[in-house]
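Visitor: Could you take me through one part of this model close up? I'd like to hear about the charged contacts inside it, and then the empty spaces around them.

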Amino acid sequence: MTGSHQGLALLLFCAVVLGTLAIATWAGRERQGSPEEFYAGGRLFSPLENGFAIAGDYMSAASFLGISGLIALYGYDGMLYSVGFLVAWLVVLFLVAELVRNCGRFTLADVLVARLRERPVRTAAGISSITVSVLYLVAQMVGAGSLVALLLGGTGERARGWTVVVVGALMVVYVTLGGMRATTWIQIVKAVLLTGGTIALTVLVLVRFHGDVGALLTTAADRSGHGRDFLAPGLKYGHDLTSRLDFISLGLALVLGTAGLPHILARFYTVPTARAARRSVVWSIALIGGFYLMTIVLGFGAAAVLGSDAVRASGPAGNTAVPLLALELGGGAGSTGGTILFAVVAAIAFATILAVVAGVTLASSASVAHDLYATLSRRASRTAPTRRARPGRGPRGEVAVARLAAAGTGLVAIGLGLLAQNLNVAFLVGLAFAVAASANLPVLLYSLFWGRFTTRGAVWSVYGGLIPAVALVLLSPVVSGTPDAIFPGADFRLFPLENPGLVSVPLGFLAGWLGTVTSPEPADEAGYAEAEVRSLTGAGAA
């Protein structure tokens, strides 16, 4: 990249950082001492505002950078991510949005303990939510590293590493200063910027080919190096049985995983009623649907304009396809238009990353403070009733712990982000979706719809999905045994698939059923009846 590229892009990056910090500071001036203010923004957001915030939370670096890059490299098979991410919202709309808003307060565990024993269920749900959040954060860190490495004219590990550290520090600052109120407004601003930037690039791609989609696809196939196979299934996932199973596994994880993502579930608590939550999802589907359709155009546009080899040369995972496409559409390297468009798109992508990491970090810190810390504090108070209560306990103490947990989450995400820098960001998010679909979704659906479900079933369901999902990832080609693995020099892979969803999702449901039917305790039928009425009518909802 030329000096003009670097200077303008760095200037816009700084403007994005300063703007988001200003939003966090402004929001932080409001009272953030109570859990309701810190975790849910006082439940004061309208359906339209929350719909934009949900879209901002969901349209991550994986969507903007990773999916377009995968389509540019693998054509039809890369489109699976766009389709999977979009279809997943139907599961959220029809199965969980309204019910979760009525039953819960701040986290997934709040929904479960409406009818189950609190301590074991909160502990299991908290650990699972933290795991999913950290995996999701790693993808955003990798996207940020790829962006800045491209900006500085190379793929140096040092530039990527420092970027990961800076993004980690910023996400801690956002959550600590402003809580959910700041996070929501950052996501709303980001959603507007990202939607506008994506529309502009899509229009430029279509204008480049005079509105002829057929010519766009034909050129993309010709410049991909694969010919017509680029537009047919099987380029990435169809060459053998293992790759076909990986295809099914990934699709299962993407479609079912959204309904188990902690930071998405948390967004339903920021509106005052269940009806508002449902309307929020409708707004978000309109925004997200249009966005994912445009990522398909951008992916094939990158293949057609740049060529798949050029995308792969910039980064083997394809994470830099969209910024390079913007550079070429603006007039090419060295042109004023190319410089401006590249810098704007890179800054929007960086804003996307900052907004998403803020939301995910807040969800993770809420799980630590509201589920783990608060539960342990209540247990300690019961075992020592005569002991004077510590000053840090109570609602304000819980919020203080949440702020500290944000820092801890940031450190873990930074460490893992430094290890996973060579992986595609959409692929990394697919792993987070697999864990969410395996550990969080089964227990959530059982709790909402199965009257015989017990506490043992809930605990077994969470751990029965979480442990296999994480273990299979560690033993997969993602971690070792392949040139693109996290540890390419080692080989301890025992599981052939890259995504564990095909095995771990059924195990999560099976463990929940097995734990329930073997449980010595009877199901709380009265508790289920009360929770059912509350979930369907909103009576008694927070």
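Guide: Here is a walk through the salt bridges, followed by the cavities and a pocket. Keep in mind that this is a predicted model.

Let's start with the charges. The structure holds 6 salt bridges, and a good place to begin is Arg-122. One of its partners is Asp-110, with the closest N and O atoms 2.7 Å apart. Asp-110 sits in helix H6 (residues 108–112) and Arg-122 in helix H7, 12 residues apart, so the pair links distant parts of the chain. Now, are these two buried or exposed? Asp-110 has a relative accessibility of 6%, and the cut-off for buried is under 20%, so Asp-110 counts as buried. Arg-122 is at 5%, which makes Arg-122 buried by that cut-off too.

Arg-122 also meets the side chain of Asp-371 in a salt bridge, this one at 2.8 Å from N to O. Asp-371 belongs to helix H15 while Arg-122 belongs to helix H7, so this contact ties together parts that are 249 residues apart in sequence. At 1% relative accessibility, Asp-371 is buried as well.

For a contrast in setting, look at Arg-312 and Asp-309. They form a salt bridge whose closest N and O atoms are 3.5 Å apart. Both belong to helix H13 (residues 308–314), and because they are 3 residues apart there, about one helical turn separates them. Arg-312 is partly exposed, with 31% relative accessibility, and Asp-309 is exposed at 54%. Back at Arg-122, salt bridges with shared partners join Asp-110, Glu-118, Arg-122 and Asp-371 into one network.

Now for the empty spaces. There are 4 cavities of 30 Å³ or more. The largest cavity holds about 60 Å³ of space, and its lining is made up of Phe-106, Thr-107, Leu-108, Ser-129, Pro-262, Leu-265, Ala-266, Ala-363, Ala-366 and Ser-367. Helix H11 (262–267) and helix H15 (336–383) are the elements that give two or more residues to that lining. H15 is also the helix that carries Asp-371. By class, the lining of the largest cavity has 7 nonpolar residues, 3 polar ones and no charged ones.

The second largest cavity comes to about 50 Å³. Around it you'll find Cys-103, Val-111, Arg-115, Ser-447, Leu-448, Tyr-528, Ala-531, Glu-532 and Ser-535. Two helices, H17 (425–449) and H20 (525–537), each provide two or more of these lining residues, and H20 gives the most, with 4. Here the classes split into 5 nonpolar, 2 polar and 2 charged residues.

Last stop: the second largest pocket, with about 390 Å³ of space. Its lining has 18 residues, and those nearest its centre are Leu-135, Leu-416, Val-473, Leu-474 and Ile-486. Helix H7 (118–151), helix H16 (395–419), H17 and helix H18 (455–474) each supply at least two lining residues. H7 gives the most, with 4, and H7 is the helix that holds Arg-122. As for character, the pocket's lining divides into 17 nonpolar residues, 1 polar residue and no charged ones.

How values were computed. Residues numbered from 1 in each chain as written. Predicted model: local features only at pLDDT ≥ 70, side-chain atom pairs only at ≥ 80, totals over all residues. Heavy atoms only, no water. 1 Å grid on protein atoms, 1.4 Å probe; cavity = no way out; pocket = protein on both sides within 12 Å on 5 of 7 lines; lining within 4 Å. Points joined across faces, edges and corners; volume = space filled by probe spheres on them. Nonpolar A, V, L, I, M, F, W, Y, C, P; charged D, E, K, R; others polar. Salt bridge = Lys/Arg side-chain N within 4 Å of Asp/Glu carboxyl O. Buried < 20%, exposed > 50% of the residue type's maximum accessible area, 1.4 Å probe, protein only.
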